[in-house]
Amino acid sequence: MRVLMVAAEAVPFAKTGGLADVTGVLPRFLTEQGHDVRVVMPRYYGVSRDDLVALPQPLGVPMGRLGTQWAGVLEGRLPRTDVPVYFIDHERYFGRASLYTDPVDGHGYADNGERFVFLSRAAIELTRALDWRPDVFHVNDWHTAAIPVLLNTVYGDEAVGSAATLLTIHNMDYQGTFAPGLMEVLGVGWEHFTPSGLEFNGQVNLLKGGLYHATLINAVSHGYAHEIQTPAFGHGLDGVLRDRAADLSGVLNGIDYREWNPAADPYIAAQYGAGEMAGKFACKRALQATMGLPQRDVPIVGMVSRLVHQKGIDVVAAALPRLLELDLQLVVLGTGEAWAHDYLPKVAARHPERFACRIGYDNALAHRIEAGADLFLMPSRFEPCGLNQLYSLVYGTPPIVHAVGGLDDTVENYDADADTGTGFKTWTLDAPALFNTVAWAVRTWHDTPEAFARIVQRGMAQRFSWEDAAHDYGLLYQRAVLQRTGRDLS
Ligand code: ADP
Ligand code: GLC
């Protein structure tokens with residue numbers, strides 16, 4: 001099948017979170033299963049033009065009342081694959097260092113609606129310019145959710161308009177909500193500005209439009225696919241998802257073992273594996289040295305996260321005073337909300353023996369924390385899939401999680417009597433519950449080291465394979481094409 005993967009970010013070119021891990025890696029596995037996959041994303045300022053080849057013609061992109069905007073298209077490859085990546089090169093929209101937010105005020109760029117409508121429309125126009133007709137547009141999150149809407153409306157009478165679409169939900173919290181004027185840029189007509197179309201509380205909601213117009217929808221775990229149909233997790237769109245329940249499923253993300261494998265990780269102090277754990281202790285000592293923590297035999301609880309409400313960082317902050325009374329060391333790496341940038345380092349400065357905090361984005365340090373920590377903290381309020389807990393399982397660093405979404409699906413709660421489980425779960429998320437769960441994990445580490453080692457081994461034996469996920473996506477593509485066109489490609 002011909003599949004066009006369209007996304008706002010993809011590793012290794014641009015990444016703010018797990019979305020990029022998925023869109024940059026899944027195409028490789030789809031290709032291995034015989035699909036013809038290509039990727040479209042913006043050329044942000046940070047993507048070097050050096051190894052890219054410009055297509056001979058610029059791309060004209062109709063932008064409603066803004067008229068036709070012109071973009072360059074630069075072609076590259078996903079590393080170590082033949083998967084073409086087309087970068088949409090438009091200085092005014094994408095020639096910026098930060099992907100979505102203005103570094104000056106921390107808010108989303110005022111023209112984000114325009115920018116990503118442009119990306120969406122450019123992707124469709126590109127398939128026409130290349131004369132390459134995808135069977136499926138695989139779109140991701142609100143940034144590219146306009147594609148199903150456009151195919152069903154302005155492209156409805158054209159060949160490309162019959163392509164099937166799969167909308168993957170990586171996060172319901174970001175919906176792409178903009179002033180109604182965006183309708184005139186989208187160019188689909190005001191008759192689509194309705195509650196069963198793009199309108200939501202008087203605004204244009206691109207994700208909502210995509211959810212109504214996509215052939216099929218999936219979320220990045222089974223748990224999240226169910227949760228988002230409820231008011232607690234639907235961020236206002238649970239009704240839309242219930243309407244579309246018959247076309248909504250879950251596909252769990254995998255791990256890119258080329259990047260995340262303690263037996264071959266170039267970033268960490270010493271390699272190790274399930275049968276040979278000595279290296280992990282070396283990683284712990286190295287992490288303590290790097291973070292300026294005393295090299296004591298206490299469990300290190302690590303955290304690598306966007307420091308935002310979704311990830312429960314406010315709950316961690318509320319629990320901090322009591323957490324730091326436990327016999328542990330806490331290591332936090334992340335960027336996010338301004339208060340956290342200010343508050344967490346201040347607390348760390350008051351507890352240099354117990355708490356080290358790095359505000360920033362640092363991939364090498366993320367690897368070193370996964371490897372050097374004894375426990376990994378991920379108390380997300382909601383978690384569509386979550387990749388860090390998967391990495392921590394594989395790195396022998398049992399996760400402490402809030403039992404939601406992908407965290408609930410992938411971590412099995414420790415049961416001392418049955419001697420089962422891969423991590424420590426809480427079903428309530430507040431400071432006392434978080435404290436109790438961390439205290440339980442820390443106690444298990446101190447008091448029953450053999451039982452703890454078996455938790456570690458059970459986690460390391462898990463596989464989260466992209467092969468399986470790619471297989472499931474292949475089936476969804478087939479189903480989408482069948483539903484859209486009646487063509488049976490199975
Ligand atoms: P989300 O996409 O919601 O942020 P995920 O767990 O799916 O959560 O993915 C987060 C990804 O981003 C992981 O690959 C993680 O290692 C990485 N990451 C997040 N924050 C940082 C940081 N400050 N430094 C390095 N890597 C980070
Ligand atoms: C989003 C979610 C995260 C998921 C990632 C990749 O960023 O917050 O849970 O793992 O997308 O699908």
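Select Leu387 and ligand 1. A backbone N or O atom of Leu387 sits 2.8 Å from an oxygen atom of the ligand. Keep in mind that this is a predicted model.

Stay with ligand 1 and add Asn388. One of the polar side-chain atoms of Asn388 is 3.2 Å from a ligand 1 oxygen atom. Now add Lys311. Here a polar side-chain atom lies 2.7 Å from an oxygen atom of ligand 1.

How much of ligand 1 does the protein bury? On its own, ligand 1 exposes 560 Å², and the protein buries 94% of that.

Next, show the whole shell. Ligand 1 has 22 residues around it. Those that come nearest are Gly18, Arg306, Lys311, Gly360 and Leu387. Colour the shell by residue class. You should find seven nonpolar, nine polar and six charged residues.

Which elements give two or more residues to this shell? Select them one by one:

- α1, residues 18–32
- β14, residues 300–307
- β15, residues 329–336
- α12, residues 363–372
- α13, residues 388–394

Pause on β14. This strand gives the largest share of the ligand 1 shell, three residues.

**Ligand 2**

Move to ligand 2 and select His170. A side-chain N or O atom of His170 is 2.7 Å from an oxygen atom of ligand 2. Then pick Gln310. A polar atom in the Gln310 side chain lies 3.1 Å from a ligand 2 oxygen atom. Now try Gly386. This time the contact uses the backbone: a polar backbone atom of Gly386 is 2.8 Å from an oxygen atom of ligand 2.

Taken alone, ligand 2 exposes 310 Å². The protein buries 93% of that area.

Show the full shell again. Ligand 2 is surrounded by 14 residues. The nearest are His170, Asn253, Glu383, Cys385 and Gly386. By class, the shell holds six nonpolar, six polar and two charged residues. Which element gives the largest share? Select α1, which supplies three residues.

**The six-stranded sheet**

Go back to β14 and switch to a cartoon view. β14 belongs to an open sheet of six strands. Trace the order: β16-β15-β14-β17-β18-β19, with parallel pairing. The edges are β16 (355–359) and β19 (424–426), and each pairs on one side only. Look along the sheet from strand to strand. Neighbours are turned by 20° against each other on average, direction ignored.

Zoom in on β14 and β17. β17 covers residues 375–378 and pairs with β14 in the parallel sense over two bridges. Select Gly302 to see one pairing. Its bridge partner in β17 is Phe376.

Now bring in the helices. Helix α11 (residues 338–350) lies across β14, β15 and β16. α11 runs at about 150° to β16. Then select α12, which you met beside ligand 1. α12 lies across β14, β15, β16 and β17, at about 145° to β14.

**The three-stranded sheet**

For the last stop, select residues 177–178, which form β9. β9 is part of an open sheet of three strands, in the order β9-β11-β10. The pairing here is antiparallel. Which strands are at the edges? They are β9 and β10 (199–200), each pairing on one side only.

Select β11, residues 203–205. β11 pairs with β10 over two bridges, in the antiparallel sense. Click Glu199, then Val204: Val204 in β11 is the bridge partner of Glu199.

Finish with helix α6, residues 206–213. α6 lies across β9, β10 and β11, and runs at about 50° to β11.

How values were computed:
Residues are numbered from 1 along each chain as its sequence is written. Chains are lettered from A and ligands numbered from 1 in the order in which they are written. This is a predicted model: local features need pLDDT of at least 70, side-chain atom pairs count only at pLDDT 80 or more; totals for chains, interfaces and linings use all residues. Side-chain values use heavy atoms; hydrogens and water are left out. Two strands pair if DSSP finds at least two bridges between them. Helices (H or I, at least four residues) and strands (E, at least two) are DSSP runs, numbered from the N terminus. Contact means heavy atoms within 4.5 Å. Axes are lines fitted to C-alpha atoms, for helices over the stretch in contact, and angles run from 0 to 180 degrees between N-to-C directions. A residue is near a molecule or strand if one of its heavy atoms lies within 4 Å of it. A polar contact is a pair of N or O atoms within 3.5 Å; within protein, one must be able to donate a hydrogen and the other to accept it, and residues adjacent in sequence count only if both atoms are side-chain atoms. Accessible areas come from the Shrake-Rupley method with a 1.4 Å probe; for residues, only the protein chains shown count as cover. Ala, Val, Leu, Ile, Met, Phe, Trp, Tyr, Cys and Pro count as nonpolar, Asp, Glu, Lys and Arg as charged, and the others, Gly among them, as polar.
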